Amino acid sequence: MSGEQVKSIDEAMRMAIEQSYLVKGNTYPNPPVGAVIVDHEGRVVGVGATEPAGGDHAEVVALRRAGGLAAGGIAVVTLEPCNHFGKTPPCVNALVEARVGAVVYAVTDPNGIAGGGAGRLQAAGVQVQSGVLADQAAGGPLREWLYKQRTGLPHVTWKYASSVDGRSAAADGTSQWISSDASRLDLHRRRATADAIVVGTGTVLADDPALTARFADGSLAGRQPLRVVVGMRDLPSEAKVLNDDSRTMLIRTHDPMEVLKAVSDRTDVLLEGGPTLAGAFLRAGLVNRILAYVAPILLGGPVTAVDDVGVPTIARALRWQFDGIDRAGPDLLLSLVPRGD
């Protein structure tokens, strides 16, 4: 990528967003940020992304790789450069010391402590432009971190697989496999970047899932989410979710808010429970995104993807909107967010 000619700031920002996706899940509690340094001739001279906690931020990584070629160039960053001393010095200091001519960023930092970098840069004579591809950055790798900054709560994505008629299992209870190999690989990729996976005791007792992130050959990914099992029933000691592949938290509650309080140190939570747990989170208004893997099969029968969501009439339906429709092999992958978010 270094040395590549870019034709526009938008193209450079797309590169920065790609860099941030590469580190998603590995930067907590810092956000996954990407940065690209472009020289005065439009060549990429440095790229970087946030290192694990305690390491350098994206701008510093990209500046280090650019060296003296950053002088007079443009720093393109997915998030406003930070303006405070934490485990590392402020990124604005590094940008000023590197004598960049301009800084372009996608999303303004909502953190009251770290924010204000744009003002500091402008005061130092650096040109600043904000809002470039902001929707792509905010709705992509920064989605969960920004939500937690706004609310203080982990971001919850409800993931499920179903037939095209909304069934999560056949009438006899069999459900392996509704979705395709491609859908399952996509899910494991998402698990590897998540902080926690939440299921109910019913799912564990019925399916005995491992709830790990795995590669196509079945081997474990290098990073594993916390496994969270919710409910009052005891689990057998031989349950896969209790093995040593990852940490497991057992929470004796049926209250979704109590679950989120128990994992309040996390940012990105996948809800993979069955229809009862999914219904409870939806009734509580604690689902921030839906990822539905919809297979082109028909099952019929009584086993739906979700139970009661508290909707007595069509006028009070929970309204969502699509923010992405993709293919995963033969399946459709639908991404939805609450209408108005």
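**Figure 1. The largest pocket, with 50 residues in its lining.** On a 1 Å grid over the protein atoms alone, a pocket is an open set of points with protein on both sides within 12 Å along at least five of seven lines, and a cavity is a set of points where a 1.4 Å probe fits but cannot get out. Lining residues are those with an atom within 4 Å of a point. Grid points are joined across faces, edges and corners, and a volume is the space filled by probe spheres set on the points. What you're looking at is a predicted model, where local features need pLDDT of at least 70 and side-chain atom pairs count only at pLDDT 80 or more, while totals for chains, interfaces and linings use all residues. Residues are numbered from 1 along each chain as its sequence is written, and side-chain values use heavy atoms, with hydrogens and water left out. Now for the pocket itself: its space comes to about 1,400 Å³. Look around its centre and you'll find Lys-159, Ser-175, Thr-203, Asp-207 and Glu-272 as the nearest lining residues. Helix α7 (181–193) gives the largest share of the lining, with seven residues. Other elements supplying at least two residues include β6 (155–163) and α10 (275–283). (Helices, H or I with at least four residues, and strands, E with at least two, are DSSP runs numbered from the N terminus.) By class, the lining splits into 22 nonpolar, 17 polar and 11 charged residues. Here Ala, Val, Leu, Ile, Met, Phe, Trp, Tyr, Cys and Pro count as nonpolar, Asp, Glu, Lys and Arg as charged, and the others, Gly among them, as polar.

**Figure 2. The second largest pocket, between two domains.** This one holds about 660 Å³ of space. Its lining has 29 residues, with Tyr-21, Gly-140, Arg-189, Arg-190 and Arg-289 closest to the centre. Both domain 1 (9–145) and domain 2 (154–338) give residues to this lining, so the pocket sits between them. (The domain bounds come from an automatic or database domain assignment.) Helix α1 gives the most, five residues. Sorted by class, the lining has nine nonpolar, eight polar and 12 charged residues.

**Figure 3. The largest cavity, closed off inside the protein.** The count comes to one cavity of 30 Å³ or more, and the volume of the largest is about 150 Å³. Of its 14 lining residues, Gly-25, Thr-27, Pro-32, Asp-195 and Thr-267 lie nearest the centre. Five of the lining residues are nonpolar, five polar and four charged. Domain 1 and domain 2 each chip in at least three residues.

**Figure 4. Cys-82 and Cys-91, two cysteines without a disulfide.** A disulfide is a covalent bond between the sulfur atoms of two cysteines. The cut-off used here is a pair of cysteine sulfur atoms within 2.5 Å, and the whole structure has zero of them. For Cys-82, the nearest cysteine sulfur is that of Cys-91, 3.6 Å away. Are these two cysteines buried or exposed? Cys-82 is buried at 7% relative accessibility, and Cys-91 is buried too, at 1%. (Buried means under 20% relative accessible area, exposed over 50% and partly exposed in between, using a 1.4 Å probe and protein chains only.)

**Figure 5. Strand β4 and its two parallel partners.** Strand β4 (residues 102–107) is mostly covered, with six of its six residues buried. It pairs in the parallel sense with β3 (residues 74–79) over five bridges and with β5 (residues 127–130) over four. (Two strands pair if DSSP finds at least two bridges between them.) To find your way, match Ile-74 with its bridge partner Ala-102, then Tyr-105 with Ser-130 opposite.

**Figure 6. The β12–β13 hairpin.** Strands β12 (residues 320–328) and β13 (residues 331–338) run antiparallel over eight bridges, with Asp-326 opposite Leu-333. Two residues lie between the strands, and Gly-329 in the turn has a positive phi of about 60°.

**Figure 7. Some unusual backbone spots.** Most residues other than glycine have a negative phi, and most peptide bonds are trans. The bond from Tyr-28 to Pro-29, though, is cis, with omega near 5°. Arg-99 has a positive phi of about 60° and is exposed at 61% relative accessibility. Leu-211 also has a positive phi, near 55°, but Leu-211 is buried at 3%.
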